[in-house]
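Visitor: Could you take me on a close look at a single part of this protein, the largest pocket, and show me what surrounds it?

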Amino acid sequence: MKGVLAYLALRLGVGLVGLLPGSVARFLGSLGGRIWHAFAKGRRSMAQRHMRRVLGGAADVEDAARTVVTSYGRYWAEALLARSRRVPEMMRTTSVEGIERLVEARDRGEGMIYALPHMGNWEAAAPIAVDLGVPVVAVAEKLGNERITDWFTRMRAAFGIEIVLATGSASVMRALESALAENKAVALLSDRDLRGRGVEVEFFGETTTLPPGPATLALRTGAPLLPVGCYFTDNGHHVVVHPRLEIPDAGSRSEKVAEMTQALANKLEEIVRVAPNQWHLVQPNWPSDREQG
């Protein structure tokens, strides 16, 4: 019963937000983020820890953490706004840096892998690829509430994203390899290892693990691994497509995956440092975070 009520509340929220102008919905989302920051002590503390890693002692960590959750509120407002009819407006207000790299990958016909951090509205990158004739496939966590999982899948479809649910089985990797063989783009959020069994890397000055999927897919298929950053602007979004990560010449497969994942971690640091207060990572992501919690 609780699952049904949660789903109905979500659908009501989606319906109400969908009636609002985009600017109003984004304002309310940011306001909701500020309110959440005031009451969600655990998430607030985690945002502060992550901002301290990124910014060191030279900035106001508390202010940065507050802006993180404000920005996250805007992300959720845009998620609730998601409608196919709003995509043209999103495209008009989105600028792209490095689009030639997507065109080159498309023309090579090997597919492409986007490795993204939880920055801005990371789903804003999908319509750009679709507009170039490149379908986008992404992996999403399967939630406990099946109705809400279905809603997330439909919401992302409005952006042109086909969802493969993360079940932990080998079929997920096969589905992604098949997508790349069909010259599609596979988008992977790569700054958080949900299962805690990933590749050990140095990330913002502390050892943690990141998922091996992006590097593994690149090694198996030859598809270019492109780090991508998505940032909020005042009225839209700015997407930066970075050069592909090179596949190491020497070493075993596991050594190559480890080397590429560390190179990706370095690039993700660079992407995040452009706009740290748009990095919506408010969950434990390092061993010391979990020890604190």
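Guide: Happily! One definition helps before we start: helices and strands here are DSSP runs, numbered from the N terminus, with at least four residues for a helix and at least two for a strand. Please also keep in mind that this is a predicted model.

Now to the pocket itself. The largest pocket holds about 1600 Å³ of space. Its lining is made up of 50 residues, and those that lie nearest the centre are V139, A140, E141, A166 and L194. Sorted by class, the lining of the largest pocket has 30 nonpolar, 12 polar and eight charged residues.

Which parts of the chain supply at least two residues each to this lining? Among the helices you will find helix 4, helix 8 (146-158), helix 9 (170-181) and helix 10 (213-221). The strands that do so are strand 2 (112-116), strand 3 (136-141), strand 4 (161-166) and strand 5 (185-189).

Let us follow some of those helices to their neighbours. Two packed helices are described by the angle between their axes and the distance between the axes. Start with helix 4 and helix 8, both of which contribute to the pocket lining. Their axes are 9 Å apart and the packing angle is about 85 degrees. An angle of 65 to 115 degrees counts as roughly perpendicular, and therefore helix 4 and helix 8 are roughly perpendicular to each other. On the helix 4 side, the contact is made by Y75, W76, A79 and L80, which meet W151, F152, M155 and R156 of helix 8. By class, this contact of helix 4 with helix 8 has seven nonpolar residues, no polar ones and one charged.

Helix 4 (residues 61-81) also meets helix 3 (residues 41-55): the two axes come within 8 Å and cross at roughly 120 degrees. Helix 3 and helix 4 are therefore oblique to each other, and their crossing is right-handed. From helix 3, the residues in contact are R44, A47, Q48, M51, R52 and L55, while helix 4 brings V61, E62, A64, A65 and V68. The contact of helix 3 with helix 4 divides into seven nonpolar, one polar and three charged residues.

Next comes helix 10, another contributor to the pocket lining. Helix 10 packs against helix 11 (residues 253-274) at an angle of about 125 degrees, with the axes 8 Å apart. That makes helix 10 oblique to helix 11. Helix 10 passes helix 11 in a right-handed crossing. Helix 10 makes this contact through P214, A215, T216, A218, L219 and R220, and helix 11 through R253, K256, V257, M260, T261 and L264. The classes in the contact of helix 10 with helix 11 are seven nonpolar, two polar and three charged residues.

Before we finish, here is an enclosed space to set beside the pocket. The structure holds one cavity of 30 Å³ or more, and the largest cavity contains about 40 Å³ of space. Its lining consists of L102, Y114, A125, I128, V228, V239 and V241. By class, those are seven nonpolar residues, with no polar and no charged ones.

Methods. Residues numbered from 1 in each chain as written. Predicted model: local features only at pLDDT ≥ 70, side-chain atom pairs only at ≥ 80, totals over all residues. Heavy atoms only, no water. Axes fitted to C-alpha atoms, helices over the stretch in contact; angles between N-to-C directions. Parallel < 35°, antiparallel > 145°, perpendicular 65-115°, else oblique. Left-handed = near helix turned anticlockwise from the far one by under 90°. Contact = heavy atoms within 4.5 Å. Nonpolar A, V, L, I, M, F, W, Y, C, P; charged D, E, K, R; others polar. 1 Å grid on protein atoms, 1.4 Å probe; cavity = no way out; pocket = protein on both sides within 12 Å on 5 of 7 lines; lining within 4 Å. Points joined across faces, edges and corners; volume = space filled by probe spheres on them.
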